[in-house]
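Here are some friendly notes to read alongside the model. They go through the ligand site, then the enclosed spaces, then the open ones.

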Amino acid sequence: MKLLVKNIGGLVGIYETAPLILKGKDLGSLPIIHNAWMAVEDGLVVEYGKMEDWPGISDWRDLEVLDAESGWIAPAYVDSHTHIVYPAARAGEFSDRIKGLTYEEIAARGGGILNSANKLMELSEEQLFEDAWSRLNEIAATGTGAVEIKSGYGLTLEGELRMLRVIAELKKKHPLTIKSTFLGAHAYPSNYKERKSDYVDLIINEMLPIVAKEGLADYIDVFCEANYFSVDDTIRIVRAGKEYGLKAKIHVNQFTSIGGVQASVNEGALSVDHLEVLTEQDIQALQGSVTMPVALPGCSLFIKIPYTPARQIIDAGLPLALATDFNPGSCPSGNMNLVMSLACIHMGMTPEEALNASTVNAAYAMGLSETHGSLSLGRPAHFILTQPINEWAEIPYYFGSNKIKQLYISGKAVKA
Ligand code: NIG
Ligand code: FE
C-alpha cells in the first residue's frame with residue numbers, strides 16, 4: 001500500500017538523521033519544509049520534497065492520494081506519562097477543591113489515589129478495558145500516536161495485576177503504541193499506614209516477581225514525595241526493578257524537593273516526571289545524565305500548583321519533554337495540544353520547543369526513539385495532519401480546540 005500526501009502547508013519534524021534528544025538551544029529548532037509532499041510505502045516514509053519539485057505520479061497501482069489542502073504534517077505526539085486505566089471520575093474532589101481543599105488535604109483524608117484504589121476491584125477487567133479504550137480513542141483524535149500507561153490504582157497484588165493485564169490487552173488490540181509501567185508504589189494502602197516498609201516489601205517480594213514473570217511491565221515507577229515514598233524506598237524499588245530489567249520513570253518533585261531527582265539520576269532512570277518544585281541542585285544533577293526531565297502542565301493547571309520551570313531547565317542546556325499525566329485526580333485530560341498551549345503560555349516555551357518536547361524528547365522518555373517522535377526516510381510514518389494553518393504556532397495558540405484533522409499510524413488513518 002502506498003500513500004502520497006500532497007499540498008502539505010508545512011511538513012515539520014522531518015530529518016535526514018532523526019535526533020535522539022533535543023536540548024538547550026536545539027530544542028527550539030524545528031525543521032520545516034513549506035508547501036511539501038510526502039510519500040509512504042509499507043508504513044514507512046519513502047520520499048518527500050517541495051511541491052514545486054514533485055515528480056508527479058508514474059505508478060498509480062495501489063496508490064492512495066491524500067490532498068492535505070494546506071494542512072500541516074508533524075510527527076504524531078508521544079504521551080510518555082499517563083494513568084489512563086482507572087475506575088471512575090473523581091469530580092467530587094474537583095468540587096471539594098473549588099471549595100478550598102487542596103489536592104494534598106483530599107489525599108490526607110483518604111481521597112485521591114486511595115479513592116480510585118478503593119473502586120478498582122468493583123470494575124471487571126472488561127469494563128476497565130472498555131473505559132480505557134474510549135480514552136485511547138479520545139487521545140488519538142487529538143493527535144497522540146504513542147502512550148505510556150501506569151498501574152497504581154490497585155495497590156494489592158490482585159489489583160495491580162488486574163490493571164497491568166488490562167494494559168496488556170490494550171497493547172494487543174489498539175492501534176496506538178503502548179508502553180506499560182508498574183506503579184505499585186503510588187500510595188500506601190490504608191491498612192499499611194502504620195507499617196509502610198511492609199508495603200515496600202510486598203511490592204518488591206511479591207508483586208514485582210509476578211509482574212516481571214508475566215511480562216506485564218516495560219518500566220517501573222514510584223511516587224517519590226513527602227508523605228508518599230521516601231528517597232530510600234524509591235532507591236530500593238528502582239534497584240529491585242533493575243534486577244528484572246525494568247528501567248525507571250519516577251514521579252518526583254511534585255510538591256517538594258527531597259532528593260528524588262538526584263537518586264533517580266544516580267540509578268540511571270529513563271525519566272523524572274513532574275518537577276514543579278525544582279532546586280539548583282536538582283538541575284545540576286540532571287546535567288550530563290541519561291535521564292529525561294518531563295513536565296506535566298495539565299496537572300499544574302488542574303490542581304493549581306506551580307508550573308515546571310521550563311526556561312530554567314532549557315536555558316541550563318538540558319532537554320525537556322512534555323506529557324499529559326491523564327488521570328482522574330490531577331489531570332483528567334489527555335489532550336497534548338492543550339499541554340503545548342499551557343507550556344507556551346505558562347512555562348515560556350516557544351511553540352517549536354513545545355512540539356519537540358512532545359515528539360522527539362517524549363519518544364526518548366518512553367524508549368521509542370527508534371520509531372517515534374520524528375519523521376525521516378525509512379522511519380515509520382506516524383504523523384498528524386492538521387486543519388489548514390499558516391504557522392505551527394497556531395496549534396498551541398488555539399488553546400482548548402482540536403486542530404488535528406487525522407492521526408496516521410504507519411501511514412494508515414486511525415479511526416477514533
Ligand atoms: O501524577 N502524583 C501522583 N500521581 C498522579 C495523580 C494520581 C491521582 O490523583 O489519581 C499524578 O499527578
Ligand atoms: Fe502521574
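1. Let me start with where the ligand sits: ligand 1 takes up the space of the largest cavity. A cavity here is a set of points, on a 1 Å grid over the protein atoms alone, where a 1.4 Å probe fits but cannot get out. A molecule counts as sitting in one if more than half of its atoms lie within 2 Å of its grid points.

2. A word on conventions, as this is a predicted model: local features need pLDDT of at least 70, side-chain atom pairs count only at pLDDT 80 or more, and totals for chains, interfaces and linings use all residues. Residues are numbered from 1 along each chain as its sequence is written, chains are lettered from A and ligands numbered from 1 in the order in which they are written, and side-chain values use heavy atoms, with hydrogens and water left out.

3. Which residues come nearest to ligand 1? They are Y103, Y153, Q254, H274 and S330, out of 15 around the ligand; a residue is near if one of its heavy atoms lies within 4 Å. By class, this shell holds four nonpolar, nine polar and two charged residues. In this scheme Ala, Val, Leu, Ile, Met, Phe, Trp, Tyr, Cys and Pro are nonpolar, Asp, Glu, Lys and Arg are charged, and the others, Gly among them, are polar.

4. Three side chains deserve a look for their polar contacts with the ligand (pairs of N or O atoms within 3.5 Å). S330 has a polar side-chain atom 2.6 Å from an oxygen atom of ligand 1, and Q254 places one 2.7 Å from a nitrogen atom of the ligand. For H251, an N or O atom of the side chain is 3.0 Å from a ligand oxygen atom. The protein buries 100% of the 330 Å² that ligand 1 exposes when taken alone (accessible area by the Shrake-Rupley method with a 1.4 Å probe).

5. The cavity around the ligand has about 100 Å³ of space, a volume being the space filled by probe spheres set on grid points that are joined across faces, edges and corners. Its lining has 14 residues, with H83, Y103, H186, H251 and S330 nearest the centre; lining residues have an atom within 4 Å of a point. The lining divides into four nonpolar, eight polar and two charged residues.

6. How many cavities of 30 Å³ or more are there? The count is two. The second largest cavity offers about 30 Å³, and its lining is made of A18, P19, L20, V360, A363, S369, H372, S374 and R379. Five of these are nonpolar, three polar and one charged.

7. Turning to pockets (open sets with protein on both sides within 12 Å along at least five of seven lines), the largest has about 350 Å³ of space. It is lined by 17 residues, and A107, A108, K193, N227 and Y228 are the closest to its centre. Helix α2 gives the largest share, three residues; helices are DSSP runs of H or I with at least four residues, and strands are runs of E with at least two, numbered from the N terminus. The lining has nine nonpolar, four polar and four charged residues.

8. The second largest pocket, at about 270 Å³, has 16 lining residues, with K2, L4, A39, E47 and L63 nearest its centre. Strands β1 (2–12), β3 (32–41) and β4 (44–50) each supply at least two of them, and β3 has the largest share with four.

Terms used: A polar contact is a pair of N or O atoms within 3.5 Å; within protein, one must be able to donate a hydrogen and the other to accept it, and residues adjacent in sequence count only if both atoms are side-chain atoms.
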